[in-house]
Amino acid sequence: MSPTAAQPILGRIGRLLAGGRAPVLVAVDGYSGAGKSRLATAVAAAVDGVIVDGDDFYAGDPAEAWEAGTVAEDAERCFDWRRLRREALEPLLAGRVASWRRFDWEAGRGLAESPTVRQPATVVILAGASSARPELADLVSLSILVEAPAEIRRERVALRDGRIDEWYARWEAAELHYFTHVRPPASFDLRVDNGTPVDQGGFSSPGW
């Protein structure tokens, strides 16, 4: 992660809180490998915030539906925004504990048996691809687009997943559709450059 990438986000959050807006929901959006998760973790640590991982609400199950869909349909399946809104965002923004069952990435389908629980906080950070989608705009206080060059993003994904495969190519096409037709870069409140090249010797976390 770029050492300065979090600073403009923290500045904007500080102004929102100073203006009496709380809790605030920050959507950290961007292509795979842009560094959304690491950036969200750094921001949350700085403001004592809570993170909601959009990947928990992945809606591409069953896989056959994902593989048979159009690029636009795949972009809609990045996550189930209705369940995300109902089970995570609305409770947290109302000052209540939120609980949900995340998509079981280990099994590759279905929902995990154990619930994920988050306590309410002044700052709620939603991190994940298409987290700033229009259906959540009435809840989002600050929309962030995390950017990095394509070659760096792909290098990070390869380090994280061990390969670049056909599934990633389809996911990348869905992201391109989203950032072209649904949420173009100019529509975000803030764009952050997170394009520091990967230090392979120090890479240990999958959280890009």
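Of the 208 residues in the protein chain of this predicted model, 45% count as buried. The accessible surface comes to about 9,700 Å², and carbon and sulfur atoms contribute 51% of that area. The C-alpha trace extends over about 45 × 35 × 35 Å along its principal axes. A compact globule of 208 residues would have a radius of gyration near 17 Å, and the value of 16 Å found for the protein chain therefore agrees with such a globule. Among contacts with a separation of 6 or more, 78% join residues 24 or more positions apart.

Seven helices and seven strands make up the list of elements. Read from the N terminus, their order is α-β-α-β-α-α-α-β-β-β-β-α-α-β.

Helix H2 makes a handy example for a closer look. Its twelve residues, 36-47, should span 16 Å at 1.5 Å a residue, and the end C-alpha atoms are indeed 16 Å apart. Five residues of H2 are buried, namely Lys36, Leu39, Ala40, Val43 and Ala44. These buried residues line one face of the helix, because they fall within an arc of 135° when H2 is seen down its axis. The spacing follows a familiar rule: an α-helix has 3.6 residues a turn, so residues three or four places apart point the same way.

The cover over the buried residues of H2 includes helix H1 (6-18) and strand E1 (24-29), along with strands E2 (50-53), E5 (123-127), E6 (142-147) and E7 (190-193). Just after H2 comes Asp48, which has a positive phi, near 55°.

Terms used: Residues are numbered from 1 along each chain as its sequence is written. This is a predicted model: local features need pLDDT of at least 70, side-chain atom pairs count only at pLDDT 80 or more; totals for chains, interfaces and linings use all residues. Side-chain values use heavy atoms; hydrogens and water are left out. Helices (H or I, at least four residues) and strands (E, at least two) are DSSP runs, numbered from the N terminus. The expected span of a helix is 1.5 Å times one less than its number of residues. Buried means under 20% relative accessible area, exposed over 50%, partly exposed in between (1.4 Å probe, protein chains only). The arc is that of the directions from the helix axis to the C-beta atoms. Contact means heavy atoms within 4.5 Å. The radius of gyration is taken over C-alpha atoms; the globule rule is 2.2 Å times the number of residues to the power 0.38. Accessible areas come from the Shrake-Rupley method with a 1.4 Å probe; for residues, only the protein chains shown count as cover.
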